[in-house]
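Me: Hello! Could you help me learn how to read a structure like this one?

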Amino acid sequence: MSEHKQMLADAVTRLFRDAGDAAGAAEREGWRAALWSQVEELGLPLLLVPEDQGGVGGDWGDVHAVLHAAGYYAIPLPVGESMLATHWAGAAGLELPSGATSIATDLEGELSAQSGDFRFSGTLHGVPWGRHVDTIAAVTTCEGAPHLMLLPRAAAQVHQAQNLAFEPRDRLHFDQAPVLAAACDLASLFDQCALMRVAQITGALEAALHRSIDYVKERKQFGRAIGKFQAVQQQLAVFGSEVAAVACAARAASLAASRGEAGFQIAAAKLRANMAIAIATSTAHQVHAAIGFTQEYGLRFATQRLWSWRSEFGNDRYWSERLGAQLAQRGADRFWSDLTERDDAVA
Amino acid sequence: MHSFNFEPVDLPAGIPEFRREIRDFLKRELAGTPAAQKANSWAVFDAEFSRKLGARGWIGLVWPKAYGGHERSAIERYVLLEELLAAGAPVGAHWIADRQSGPAILRFGTEAQRLKYLPDMARGETYCCIGMSEPNAGSDLASVRTRAEQLSDGRWKINGQKIWTTQAQRCQLIIALVRTRPLDENNRQAGLSQFLIELDTPGIQVRPIVDLVGETHFNEVFFEDCLVEADCLLGTEGEGWKQVTGELSLERSGPERYMSSLALYLELLRVAGPEPDASLKQALGRMAAEIWTLRQMSLSVAGQLARGQDPSVEAAIVKDLGNSFEQSLPMLVQGLTEAGVRLEDDTDFVKVLSYLLQNAPSFSLRGGTREILRGIIARGLGLR
């Protein structure tokens, strides 16, 4: 990472760490406008936009660093979604949206073009932070060709919904809404969304682990800290190993995405992350016992997010079937050479 | 708070060519090898294969040329090992010498010891076994009781017993961890030393132990008034514990710690065909996600070792996760497939499955038990 990028990562970590109880505040009071302004001031939505287009020119390693911190501190803002929406808009040749932006990958409806003006009628499902953002980026087909649309939230009828962590996941309905759109050749948008969540998951897993370690060192039973018991230590060792596995997978997938097509690596990383969440969240709650099960205690800011993100952008079934189908097609004799070639190719 | 380091590693240029060279060689050498034999390749002792590998310059790849080595990079060695394992090559004869004993001699041995043993090891002609465990010293290695006492002429007299010594009946050398000073209960790791001993020395008796599959890989090794020369001491007298712990890092970090069941995964892919049903697709996908992740972790540790770092906790993590995965795979596969129903069938799939079902329990025992590894990881987390 260059010096500039390291400075950015440090600034982001500071900002998110100092945000304190942002997740709790968002649950009680809604949108964190001041924190969002600071996110914009750091240029985070422009992270993946090339410098010659007025962006930061970062890569997926930088995205990972930022979103890891966002996940660790449970930042209740569409930090990753804005990066992707802005990145896609730039790649499609559209003017970069300003303000808070989000993305939608699950939609139905129709985009029509009339003398250069586009209109969209239809529904976007599960839009992260939909009610709070100004613009949503989504891809649909128009006259047989994929188009990226930038949809103004102001034109939408919003049905509010939320995931388990009280993060808005809204349904937005549009009726003949004027939108910006351009034909585009944007591959693997869904995979990029999954990689975004994987980075957040690594952060939230680490937060749950650190909280658990702190807790078992402090909590005493039978006259000693429960972390002194081997039974507890061994559970946390497994938990720690799972967190390490996801951190490794996430970084490797980010590196692959920076270098080109990374469908396999992202699939494997999201699937591995989903698997780890099952072990990690149950262990975190087990060592915390009843206190971790309260609304007041902060463990849930990590675990409720992890349970939600486990479903978002591909649950185990989705990714394992996608991977398994691909591997079965390639066959046993090409499994190992395919696996090694992905890492050798960059040499 | 401590975070573990699993930084991705960039493989250097030239790796694809090296891989091709290895694969061409293995394709020729392993033609006709039955699938079941490929299933646990580093348990298969094949001196002829080791000599051929040595002739190619593929043992002691990273050792100095002065001792018969080839001065290539640690990453190249990693690539060589994973290719050998992926192909199911019979690497059991030289594996320990290449991985562990050779490096220990390089690090702690005298010039004479290096010149005497390393070139023959690199040629694939001298094999070594690990004399650590004893009947009453398994995970608690510091409790070894085998004793060496120094005579007035400088020679050492060794008495005691080692056990679970893999391939001792077929190796020429053993590196034994023995007590050279009485046990100090307040500092149990003190007073241990390593000896480099030729197994045909009078006073040594090797007795094979039949494992539950019916094979004889491990042994009891008895020392009875076994006299060895002063120059059989490896490294410093009393520093055995420190020397051995360094060795264990090498023992725990390699690709053999997650690849033991790869042969079964490949057989599963084969019987699945190009269009398996949804549940089989899911299983294939999940296992592949684990294999890919474990390989990334293992590569990362190899990269750190190559840079001279000591990622001992990371190595323990890779071994624990890798062992758990390779151990769970045979049971999962057995439960998944129709082909796994009749274990009396004479097919490659069933033979590989049967072999690994029975060998899998050993995966989390050899080279450090699961419980010990998790203790190391817990210490890394600041809990001990």
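Reply: Happy to! Let's begin with burial: buried means under 20% relative accessible area, exposed means over 50%, and partly exposed is in between. Keep in mind that this is a predicted model.

Me: Is Arg300(A) buried or exposed?

Reply: Arg300(A) counts as buried, because its relative accessibility is 9%.

Me: What does Arg300(A) meet in a salt bridge?

Reply: A salt bridge is a side-chain nitrogen of Lys or Arg within 4 Å of a carboxyl oxygen of Asp or Glu. Here the side chain of Arg300(A) meets that of Glu27(A), at 2.8 Å from N to O. Glu27(A) lies in helix α2 (residues 22-29) of chain A and Arg300(A) in helix α9 (residues 299-311) of chain A, so the pair ties together parts that are 273 residues apart in sequence. Glu27(A) has 27% relative accessibility, so Glu27(A) counts as partly exposed.

Me: How many salt bridges does the structure hold over all chains?

Reply: There are 46 over all chains. One of them joins Asp21(A) to Arg28(A), with the closest N and O atoms 3.3 Å apart. Asp21(A) is partly exposed at 40% relative accessibility, and Arg28(A) is exposed at 57%. Another links Glu29(A) with Arg32(A), where the closest N and O atoms are 3.4 Å apart. Glu29(A) is exposed, with a relative accessible area of 54%.

Me: Which residues do salt bridges that share partners join into one network?

Reply: The network is made up of Asp343(A) and Asp344(A), together with Arg19(B), Arg23(B), Glu82(B), Glu83(B) and Arg295(B).

Me: Now for charges on the surface. Which residues form a positive surface patch?

Reply: To belong to a patch, a residue needs over 30% relative accessible area and no salt bridge. In this structure, Lys217(A), Arg224(A), Lys228(A), Arg379(B) and Arg384(B) form a positive one. Take Lys217(A), which sits in helix α6 (residues 189-218) of chain A. Lys217(A) counts as partly exposed, because its relative accessibility is 43%.

Me: And the cysteines? How many disulfides does a search of the whole structure find?

Reply: The idea is to look for a pair of cysteine sulfur atoms within 2.5 Å. The search finds zero over all chains.

Me: Why is there no bond between Cys142(A) and Cys184(A)?

Reply: The closest cysteine sulfur to that of Cys142(A) is in Cys184(A), but the two are 11 Å apart, too far for a bond. Cys142(A) is buried, at 2% relative accessibility. Cys248(A) also counts as buried, with a relative accessibility of 2%.

Note on methods. Residues are numbered from 1 along each chain as its sequence is written. Chains are lettered from A and ligands numbered from 1 in the order in which they are written. This is a predicted model: local features need pLDDT of at least 70, side-chain atom pairs count only at pLDDT 80 or more; totals for chains, interfaces and linings use all residues. Side-chain values use heavy atoms; hydrogens and water are left out. Patches are made of residues with over 30% relative accessible area and no salt bridge: like charges are joined within 9 Å, nonpolar side chains (Val, Leu, Ile, Met, Phe, Trp, Tyr) within 5 Å. Accessible areas come from the Shrake-Rupley method with a 1.4 Å probe; for residues, only the protein chains shown count as cover. Lys and Arg count as positive and Asp and Glu as negative; His and the chain ends are not counted. The place of a charge is taken as NZ of Lys, CZ of Arg, CG of Asp or CD of Glu. Helices (H or I, at least four residues) and strands (E, at least two) are DSSP runs, numbered from the N terminus. Buried means under 20% relative accessible area, exposed over 50%, partly exposed in between (1.4 Å probe, protein chains only).
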